[in-house]
Amino acid sequence: MKNRLLKFSSRLLLGCVLAFSMFLALNWGFPLHDRIQYSTIVLDNKGAVIHAFLTPDDKWRMKTELGEISPTLKKTLIDKEDKYFYYHFGINPLAVVRAMGMNVLHLKRTSGASTITMQVARMLDPKSRTYFHKMLEMFRALQLEWKYSKDEILQLYFNMVPYGSNIEGVKSASILYFGKNPDHLSLAEVTALSIIPNRPSSLRLGFNNDKIEVERNKWLKRFEADHLFNHKEIADAMDEPLNATRHEAPKLAPHLALKLKKEAHSDIIHTYLQMQTQLKTEKLVSDYAKSIANMGIHNASVVVIDNRTHEVITYLGSADFYDATDGGQVNGADAIRQPGSALKPLVYGLCFDQGILTPKTVLTDVPLNIKGYQPENYDSKFNGFVTVEFALENSLNIPAVKSLNALGTEAMINKLIDCQFQQINTDRKKLGLSLVLGGCGVTLEEMTGLYSAFANKGLFQPPKYFEREENKPLLAPTMPPPSAPDTARILSPSANFMITEILSRIARPDLPVNWEASMHTPRIAWKTGTSYGKRDAWSIGYNKNYTIGVWVGNFSGVGVPELNGAGIATPLLFKIFNTIDYNSANDWYNMPKECGIRLVCSETGKLPNDFCTHTVMDYFIPLISPSLYCDNMKQIAVSADEQISYCKNCLPLNGYKKKWYKIIPPEMQSYFEDHRLAYEKVPRHNPACERVFTEGGPNIRFPVNGTEYLLDKNHPEPLQLSCEVASDVKTVYWYINNKFLKQEEARTKIFFTPEEGTVKISCTDDKGRNSDIWVKVKYVKI
């Protein structure tokens, strides 16, 4: 007896090993096809579905996460479909035997033996109902049990169970019929959903609610009989009316949803959108776009970043996604546009960090020519001497170009690339000094990210659009999410503080009318921009709480005379700030400990010298900011009647006196002369002086050296000749190809008609100093 038992055990063990080996071989040879295509869904910061997309086979199949399978949902399913789900290995042998007996007894199929796992296998690979296919279904069930946990198999069931039409999965049904996530369903709603898969054609939610309610109550009584829920829970569920109707799939934040669907490579995209803020902003932008439509301006885009978390909480690509007449489906937040003056704060901040400038440094806002590049201010006017802070407050172009020229374009380009400006990275070899005036391609996303660095004390952290998590089980293979880039130091805290102080002043021309009268408006720092041709209006602002970027214009690229950052984009910026940050604590930025304050000369912004009579306070960075002393005054020896000046070579033994004169650069002398502004001139130099002048010769401003000029063959326009000279020069002499042309007063502009070919232009002043340039002239038919 003992030997027989031992032999039986050995054979049983051997049989189990052979069966298991055969299963492994079949599992390897006929792998499980469990690839499921889910609907891409976009969630807000609270986990609510705000946008959903159909699968490639036009199904609503939204993935239910494990955390969304509530205990109620789990208990009702298991009690109704497979009470021994947690105890079998995918096949319930007792149920199989019972089903076979009933079918033999009645000579037809009257009872099934499908477990939840077998139902999942059938949904993964639907086939006609034959005994062979039932055996195949059992094998697939074993494969599922081998590969997944019980909870994951339940998740697969909940993701694929049919609910009629093109709706599959409990989450799809929950969203489309009840407008809520499955973990928020009541017992009555859960029970109603649990009976639909058995009769998805005859029991359709929204059409047969009365029949479904009767069936629901039958099952609720069974659940009570099985002691699944207590009497009160069952009674409340039976009293609950069934108000299920078919809803449209959520379509909120469409521009961001479409963008992330392409970029996130995930079936469930968890964004940081705060829908209350999103919807308020959408309403503001829609109303504002309607109010300016009569000007021919039809669209606007907005990005809002929470500066405490760097999360994008609001995203609008256009004023109305569904307005096809004005290109509403174009994503303006992701479109490449010209930023106008909106990049100026960065160049000044970099100059502060490089020790080139401080806020009170005085620059000259006069006509400029740098290798043929001649920028102009927005209003085509010039302001003469200006401080850096005045230049930034008033968005002057020429001081900004001079500052970038001193800094070097490469330094600014590298910082923008650190801030992930993609088009600038692509075009970096093509960019020049016009970069600071908007001669480049940027997006509103990038610009808002840059300004969020200003809000973060000069430290750039990439804006977060969604949670970058890999979806693990039960998904079609996806690309892993890109790793988040490292942070980048754009400006030092001190330079950033100086920029913020300038941008937060309200005594500026771009402050919206009457806005300073609102005592509850949050304090912000902001900068505007208007692109060439008035195609783009920008206004980007920040405080400790939020960074908001606003773009206004037309997606067609059509310019509008009234379009500008100050008058069109900034009012919308202030409206949004006043809505989402109204009556905030106004907590502001403190001066960093590395930043200092010092007295400087108000006329130069340099350290005051003995002759400086007016000083002002200025921020500076110790050991970095320039420490030169003011040099705009010079003591010069002049004759007693102050008509002649002397140098050390021709200074007489007596009959002279020394007098302080303000040293005015040649370009400012030209500015004063052009605008007929009086200034004290240094007397002309001693005509009897025999000193040979080797420096300070005329600077030919126009034509530009090395430039080719195309002139109309039939109606040639003469070329202008102009130069800058020292203050003591009265007369200049012009030569063309070494032939004398004309004698004229030093700052008078003259004109001549050149011959075709290479032309040499010479200018000699009354001290004998000479300058030469060469240009090419070509006559063409125009």
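Student: In this predicted model, which strand holds I597?
Tutor: The model is predicted. Look for the run of residues 596–601. I597 falls in that run, and the strand is β15.

Student: Is I597 buried, partly exposed or exposed?
Tutor: Buried means under 20% relative accessible area, and exposed means over 50%. I597 has a relative accessible area of 44%. That value lies in between, so I597 counts as partly exposed.

Student: Which residues form a nonpolar patch on the surface with I597, and what is their accessible area together?
Tutor: The patch includes I597 itself. The others are M591, L599 and M617. Together the four residues have an accessible area of about 360 Å².

Student: Now to another strand. How many of the residues of β13 are buried?
Tutor: Strand β13 covers residues 536–542. The rest of the structure largely encloses this strand. The count of buried residues is 7 of the 7.

Student: Which residues of β13 point the other way from D536, W538, I540 and Y542?
Tutor: Side chains of β13 point two ways. D536, W538, I540 and Y542 take one way, and all are buried. The other way, also buried, belongs to A537, S539 and G541.

Student: How many bridges pair β12 with β13, and what stands opposite I540 there?
Tutor: Strands of a sheet pair through backbone hydrogen bonds, either parallel or antiparallel. Strand β12 (residues 525–530) pairs with β13 in the antiparallel sense, over 6 bridges. Opposite I540 in β13 stands K527.

Student: Which residue takes a positive phi in the hairpin of β12 and β13?
Tutor: This hairpin has 5 residues between the strands. One residue in the hairpin has a phi near 80°. That residue is G533.

Student: What stands opposite I540 in β14?
Tutor: A hairpin through 3 residues joins β13 to β14. Strand β14 (residues 546–553) pairs with β13 in the antiparallel sense, over 7 bridges. Opposite I540 in β14 stands G549.

Student: Which strands stand at the edges of the open sheet of 3 strands?
Tutor: The order is β21-β23-β26, with antiparallel pairing. Each edge strand has a single partner, so one side of each is left without a neighbour in the sheet. The edge strands are β21 (699–702) and β26 (750–752).

Student: What does the twist average in this sheet?
Tutor: Go from one strand to the next. The average twist is 40°.

Student: What is the bridge partner of I700 in β23?
Tutor: Strand β23 spans residues 719–724. It runs antiparallel to β21, and 3 bridges join the two. The partner of I700 is C723.

Key
Residues numbered from 1 in each chain as written. Predicted model: local features only at pLDDT ≥ 70, side-chain atom pairs only at ≥ 80, totals over all residues. Heavy atoms only, no water. Pairing = 2+ DSSP bridges. Helix = DSSP H or I, 4+ residues; strand = E, 2+ residues; numbered from the N terminus. Axes fitted to C-alpha atoms, helices over the stretch in contact; angles between N-to-C directions. Patch = residues over 30% accessible without salt bridge, like charges linked within 9 Å, V, L, I, M, F, W, Y side chains within 5 Å. Areas by Shrake-Rupley, 256 points an atom, 1.4 Å probe, with all protein chains shown as cover. Salt bridge = Lys/Arg side-chain N within 4 Å of Asp/Glu carboxyl O. Buried < 20%, exposed > 50% of the residue type's maximum accessible area, 1.4 Å probe, protein only.
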